[in-house]
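Let's walk through this protein together, starting from one feature of its surface and then stepping back to the whole chain. Please have a look at the sequence and the model first.

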Amino acid sequence: MASINVTEMNSVQLHQSRIAMLSESIKSIAFKKQQITKEFKKGDEVEVASQELGFIGSYYAATIICSTGDDYYRIKYKTLLTDDESEPLEDVFSAAEIRPVPPHQHETMSENGFRLYDMVDVFDNDGWWFGFISAKVGDEYYVYFPTTGDNIAYPPRVLRFHQEWSNGKWIFLP
């Protein structure tokens, strides 16, 4: 009978526990609306949080076109196009689904890159998708997306640390 390495078993259990905890945390963030702490004006660069099934946890770059009243704004996407692909898609969203663009992270990037369990956004399919680092293989990071159940490898150039807009400022999640 083969002996069981208790340390290895505990390590696997700890990893699975951490994955479950991070998954629940990300789901609770992705399904909630942003705090409305900022009034936007025409020309503001923003990100719009998708609340459509299959897209929850994704953010898309857009520009404010105008306010439509009662905390709603007409936006023009930067990466999403109309069905005939002739022009950028426009839509109306509540302020709770819009946030300012996070600051560029070249100043905030870790010298050692990303680490296991870091909460990140990945630029893929025309938007930023919220997940966490689940592994590193070679030069690529596997990112797990709790809202879709996908675990996909990416080069570091398409990753950024995830930040949340809270009380009028950007914060990194622990």
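Which residues form a negative surface patch? In this predicted model, the patch is made up of Asp-83, Asp-84, Glu-85 and Glu-87. To find Asp-83, go to the loop that links strand E3 (72-81) with strand E4 (88-94). Asp-83 has a relative accessible area of 84%, and because exposed means over 50%, Asp-83 counts as exposed.

Now let your eye travel further along the chain to another loop, the one between strand E6 (119-124) and strand E7 (127-137), where Asn-125 sits. Is Asn-125 buried or exposed? With a relative accessible area of 57%, Asn-125 is exposed. Asn-125 also offers a nice view of how sequence and space relate: Tyr-60 is 65 residues away from Asn-125 in sequence, yet their C-alpha atoms are 9.8 Å apart in space.

With these two loops in mind, let's step back to the whole protein. Its secondary structure consists of 1 helix and 12 strands. Reading from the N terminus, the helix comes before the strands, giving the order α-β-β-β-β-β-β-β-β-β-β-β-β. If you count contacts between residues at least 6 apart in sequence, 49% of them join residues at least 24 apart.

Finally, consider the inside and the outside. Of the 174 residues in the protein, 38% are buried. The accessible surface amounts to about 10,500 Å², and carbon and sulfur atoms account for 52% of that area.

Methods
Residues numbered from 1 in each chain as written. Predicted model: local features only at pLDDT ≥ 70, side-chain atom pairs only at ≥ 80, totals over all residues. Heavy atoms only, no water. Helix = DSSP H or I, 4+ residues; strand = E, 2+ residues; numbered from the N terminus. Buried < 20%, exposed > 50% of the residue type's maximum accessible area, 1.4 Å probe, protein only. Contact = heavy atoms within 4.5 Å. Areas by Shrake-Rupley, 256 points an atom, 1.4 Å probe, with all protein chains shown as cover. Patch = residues over 30% accessible without salt bridge, like charges linked within 9 Å, V, L, I, M, F, W, Y side chains within 5 Å. Salt bridge = Lys/Arg side-chain N within 4 Å of Asp/Glu carboxyl O. Lys, Arg positive; Asp, Glu negative; His and termini not counted. Charge placed at Lys NZ, Arg CZ, Asp CG, Glu CD.
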